[in-house]
Amino acid sequence: MRKPTTEGGPDRLVALSDGVFAIAITLLVLDIQVPQGLDSEGFHEALGDVLPNLGAYAISLAVLAGFWRDHRAIFHRVRLVDADVIRLTVLGLGLAALLPFPTALVSEYGDERTSVVVYAAAVASLGTVHLALAVVVARRPWLHGDAEPLRNEFLYAVDLAAMVAVFVVSIPLALLVGPAAMWWWLALVPVKVWLGRKERAAAAG
(Lines give C-alpha, C1' and ligand atoms only; values in the text may rest on other atoms or scores of the structure.)
Protein backbone atom coordinates (compact mmCIF):
# COMPACT_ATOMS: atom_id res chain seq x y z
CA MET A 1 0.00 0.00 0.00
CA ARG A 2 1.35 3.39 -0.93
CA LYS A 3 1.50 5.86 1.92
CA PRO A 4 -0.89 8.79 1.33
CA THR A 5 -0.01 12.29 2.33
CA THR A 6 -2.11 15.27 3.36
CA GLU A 7 0.55 17.75 2.30
CA GLY A 8 -0.86 19.77 -0.58
CA GLY A 9 -4.10 17.86 0.03
CA PRO A 10 -7.31 17.58 -1.99
CA ASP A 11 -8.65 21.06 -1.19
CA ARG A 12 -5.43 22.71 -2.34
CA LEU A 13 -5.31 20.65 -5.53
CA VAL A 14 -8.94 21.51 -6.31
CA ALA A 15 -8.28 25.21 -5.71
CA LEU A 16 -5.18 25.07 -7.93
CA SER A 17 -7.14 23.25 -10.62
CA ASP A 18 -9.96 25.79 -10.53
CA GLY A 19 -7.45 28.59 -11.05
CA VAL A 20 -5.63 26.89 -13.93
CA PHE A 21 -8.83 26.00 -15.77
CA ALA A 22 -10.13 29.56 -15.32
CA ILE A 23 -6.91 31.03 -16.74
CA ALA A 24 -6.85 28.57 -19.65
CA ILE A 25 -10.45 29.43 -20.57
CA THR A 26 -9.63 33.15 -20.36
CA LEU A 27 -6.62 32.72 -22.64
CA LEU A 28 -8.86 31.18 -25.30
CA VAL A 29 -10.54 34.57 -25.80
CA LEU A 30 -7.35 36.52 -26.51
CA ASP A 31 -7.28 35.55 -30.20
CA ILE A 32 -10.85 36.76 -30.77
CA GLN A 33 -10.62 40.41 -31.80
CA VAL A 34 -11.49 42.75 -34.65
CA PRO A 35 -8.95 45.45 -35.63
CA GLN A 36 -9.90 49.06 -34.96
CA GLY A 37 -10.33 51.79 -37.57
CA LEU A 38 -11.88 49.64 -40.30
CA ASP A 39 -14.35 50.91 -42.85
CA SER A 40 -17.66 49.09 -43.31
CA GLU A 41 -16.29 46.64 -45.89
CA GLY A 42 -13.19 45.90 -43.86
CA PHE A 43 -15.26 45.48 -40.72
CA HIS A 44 -17.52 42.86 -42.28
CA GLU A 45 -14.53 41.06 -43.77
CA ALA A 46 -12.76 41.02 -40.41
CA LEU A 47 -15.94 39.83 -38.72
CA GLY A 48 -16.06 36.91 -41.15
CA ASP A 49 -12.44 36.09 -40.35
CA VAL A 50 -13.34 35.87 -36.66
CA LEU A 51 -15.86 33.05 -37.18
CA PRO A 52 -13.26 30.24 -37.23
CA ASN A 53 -11.83 31.66 -33.99
CA LEU A 54 -15.28 31.53 -32.41
CA GLY A 55 -15.72 27.92 -33.53
CA ALA A 56 -12.36 26.88 -32.10
CA TYR A 57 -13.16 28.80 -28.90
CA ALA A 58 -16.51 27.01 -28.53
CA ILE A 59 -14.92 23.57 -28.97
CA SER A 60 -12.10 24.25 -26.52
CA LEU A 61 -14.47 25.86 -24.02
CA ALA A 62 -16.60 22.71 -24.07
CA VAL A 63 -13.49 20.52 -23.71
CA LEU A 64 -12.03 22.49 -20.80
CA ALA A 65 -15.37 22.90 -19.05
CA GLY A 66 -15.97 19.16 -19.34
CA PHE A 67 -12.56 18.29 -17.93
CA TRP A 68 -12.95 20.85 -15.12
CA ARG A 69 -16.30 19.30 -14.17
CA ASP A 70 -14.82 15.81 -14.34
CA HIS A 71 -11.81 16.81 -12.26
CA ARG A 72 -14.05 18.14 -9.51
CA ALA A 73 -16.14 14.96 -9.72
CA ILE A 74 -13.01 12.83 -9.21
CA PHE A 75 -11.95 14.87 -6.18
CA HIS A 76 -15.47 14.97 -4.72
CA ARG A 77 -14.73 11.98 -2.52
CA VAL A 78 -10.94 12.20 -2.21
CA ARG A 79 -9.87 12.66 1.41
CA LEU A 80 -6.11 12.05 1.08
CA VAL A 81 -3.72 12.35 -1.84
CA ASP A 82 -0.51 10.53 -2.65
CA ALA A 83 2.40 11.28 -4.97
CA ASP A 84 0.71 9.68 -8.00
CA VAL A 85 -2.44 11.77 -7.57
CA ILE A 86 -0.35 14.93 -7.28
CA ARG A 87 1.78 14.07 -10.32
CA LEU A 88 -1.22 13.21 -12.50
CA THR A 89 -3.08 16.33 -11.39
CA VAL A 90 -0.14 18.61 -12.18
CA LEU A 91 0.39 16.89 -15.55
CA GLY A 92 -3.29 17.30 -16.39
CA LEU A 93 -3.22 20.97 -15.42
CA GLY A 94 -0.15 21.51 -17.58
CA LEU A 95 -1.97 20.02 -20.57
CA ALA A 96 -5.09 22.08 -19.83
CA ALA A 97 -2.99 25.27 -19.69
CA LEU A 98 -1.42 24.28 -23.03
CA LEU A 99 -4.75 23.89 -24.85
CA PRO A 100 -5.01 27.58 -25.93
CA PHE A 101 -1.98 27.00 -28.18
CA PRO A 102 -3.48 24.21 -30.35
CA THR A 103 -6.77 26.14 -30.26
CA ALA A 104 -4.99 29.11 -31.85
CA LEU A 105 -3.49 26.77 -34.46
CA VAL A 106 -6.91 25.42 -35.41
CA SER A 107 -8.49 28.89 -35.51
CA GLU A 108 -5.72 30.52 -37.57
CA TYR A 109 -4.53 27.54 -39.64
CA GLY A 110 -7.55 25.27 -39.65
CA ASP A 111 -6.86 24.26 -43.25
CA GLU A 112 -3.56 22.66 -42.20
CA ARG A 113 -3.75 19.00 -41.18
CA THR A 114 -0.91 19.51 -38.73
CA SER A 115 -3.09 21.89 -36.71
CA VAL A 116 -5.78 19.22 -36.40
CA VAL A 117 -3.21 16.60 -35.41
CA VAL A 118 -1.70 18.82 -32.69
CA TYR A 119 -5.13 19.73 -31.30
CA ALA A 120 -6.35 16.13 -31.28
CA ALA A 121 -3.14 14.95 -29.62
CA ALA A 122 -3.48 17.60 -26.90
CA VAL A 123 -7.09 16.69 -26.08
CA ALA A 124 -6.37 12.95 -26.20
CA SER A 125 -3.41 13.42 -23.84
CA LEU A 126 -5.53 15.44 -21.42
CA GLY A 127 -8.23 12.76 -21.50
CA THR A 128 -5.68 10.00 -20.91
CA VAL A 129 -4.30 11.75 -17.83
CA HIS A 130 -7.80 12.28 -16.42
CA LEU A 131 -8.63 8.62 -17.05
CA ALA A 132 -5.44 7.53 -15.27
CA LEU A 133 -6.27 9.83 -12.34
CA ALA A 134 -9.80 8.42 -12.07
CA VAL A 135 -8.46 4.85 -12.12
CA VAL A 136 -5.85 5.59 -9.45
CA VAL A 137 -8.45 7.14 -7.14
CA ALA A 138 -10.93 4.30 -7.73
CA ARG A 139 -8.39 1.55 -7.07
CA ARG A 140 -6.94 3.07 -3.89
CA PRO A 141 -9.71 3.03 -1.30
CA TRP A 142 -7.42 4.51 1.35
CA LEU A 143 -7.57 7.78 -0.61
CA HIS A 144 -11.34 8.15 -0.31
CA GLY A 145 -12.50 5.81 2.45
CA ASP A 146 -16.23 5.10 2.33
CA ALA A 147 -17.16 8.26 0.40
CA GLU A 148 -19.43 7.56 -2.57
CA PRO A 149 -18.39 8.69 -6.07
CA LEU A 150 -20.28 11.59 -7.60
CA ARG A 151 -20.60 9.74 -10.91
CA ASN A 152 -20.82 6.07 -11.86
CA GLU A 153 -17.15 5.10 -12.06
CA PHE A 154 -17.51 2.60 -14.87
CA LEU A 155 -19.59 4.90 -17.08
CA TYR A 156 -17.26 7.79 -16.32
CA ALA A 157 -14.28 5.69 -17.43
CA VAL A 158 -16.14 4.74 -20.62
CA ASP A 159 -16.89 8.43 -21.22
CA LEU A 160 -13.23 9.41 -20.93
CA ALA A 161 -12.05 6.41 -22.94
CA ALA A 162 -14.49 7.27 -25.73
CA MET A 163 -13.22 10.85 -25.87
CA VAL A 164 -9.61 9.69 -26.01
CA ALA A 165 -10.44 7.12 -28.73
CA VAL A 166 -12.30 9.63 -30.91
CA PHE A 167 -9.48 12.20 -30.80
CA VAL A 168 -6.77 9.56 -31.28
CA VAL A 169 -8.55 8.16 -34.33
CA SER A 170 -8.85 11.67 -35.78
CA ILE A 171 -5.04 11.95 -35.90
CA PRO A 172 -4.50 9.39 -38.72
CA LEU A 173 -7.75 10.59 -40.29
CA ALA A 174 -6.33 14.11 -40.46
CA LEU A 175 -3.20 12.79 -42.14
CA LEU A 176 -5.36 10.98 -44.70
CA VAL A 177 -8.20 13.41 -45.42
CA GLY A 178 -6.95 16.68 -43.93
CA PRO A 179 -8.94 19.12 -41.77
CA ALA A 180 -12.23 17.37 -42.64
CA ALA A 181 -11.23 14.89 -39.94
CA MET A 182 -12.53 17.41 -37.40
CA TRP A 183 -16.07 16.34 -38.31
CA TRP A 184 -15.22 12.96 -36.73
CA TRP A 185 -15.22 14.70 -33.34
CA LEU A 186 -19.00 14.97 -33.63
CA ALA A 187 -19.12 11.20 -33.03
CA LEU A 188 -18.81 12.11 -29.36
CA VAL A 189 -22.26 13.72 -29.33
CA PRO A 190 -24.36 10.51 -29.57
CA VAL A 191 -21.90 8.71 -27.29
CA LYS A 192 -22.27 11.33 -24.57
CA VAL A 193 -26.06 11.41 -24.98
CA TRP A 194 -26.21 7.62 -24.58
CA LEU A 195 -23.88 7.66 -21.57
CA GLY A 196 -25.92 10.47 -20.00
CA ARG A 197 -29.05 8.36 -20.26
CA LYS A 198 -27.22 5.38 -18.78
CA GLU A 199 -26.02 7.46 -15.83
CA ARG A 200 -29.48 8.84 -15.16
CA ALA A 201 -30.97 5.35 -15.33
CA ALA A 202 -28.29 4.00 -12.98
CA ALA A 203 -28.89 6.84 -10.53
CA ALA A 204 -32.65 6.31 -10.63
CA GLY A 205 -32.25 2.56 -10.09
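**Exercise 1. Find the contacts of S115 beyond its neighbours within four places in sequence, and decide whether S115 is buried or exposed.**

Solution. Once the neighbours within four places in sequence are set aside, S115 contacts L105, V106 and Y109. Keep in mind as you work that this is a predicted model. Next, place the residue: S115 belongs to helix α5, which spans 113-139. Now for accessibility. Buried means under 20% relative accessible area. S115 has 5% relative accessibility, so it counts as buried.

**Exercise 2. Describe the largest pocket: its volume, its lining and the helices that supply it.**

Solution. Start with the space, which is about 490 Å³. Then turn to the walls: 19 residues line this pocket, and I59, F167, W185, L186 and L188 lie nearest its centre. Trace the lining back to the helices, and you find that α2 (40-75), α6 (153-177) and α7 (188-204) each supply at least two residues. Among the contributors, α2 gives the most, with seven residues. Finally, sort the lining of the largest pocket by class: 14 residues are nonpolar, one is polar and four are charged.

**Exercise 3. Do the same for the second largest pocket.**

Solution. The volume here is about 230 Å³. Its lining has 14 residues, with R77, A134, A138, E153 and Y156 closest to the centre. Two or more lining residues come from each of α2, α5 and α6. By class, the lining of the second largest pocket holds eleven nonpolar residues, no polar ones and three charged ones.

Conventions:
Residues numbered from 1 in each chain as written. Predicted model: local features only at pLDDT ≥ 70, side-chain atom pairs only at ≥ 80, totals over all residues. Heavy atoms only, no water. 1 Å grid on protein atoms, 1.4 Å probe; cavity = no way out; pocket = protein on both sides within 12 Å on 5 of 7 lines; lining within 4 Å. Points joined across faces, edges and corners; volume = space filled by probe spheres on them. Helix = DSSP H or I, 4+ residues; strand = E, 2+ residues; numbered from the N terminus. Nonpolar A, V, L, I, M, F, W, Y, C, P; charged D, E, K, R; others polar. Buried < 20%, exposed > 50% of the residue type's maximum accessible area, 1.4 Å probe, protein only. Contact = heavy atoms within 4.5 Å.
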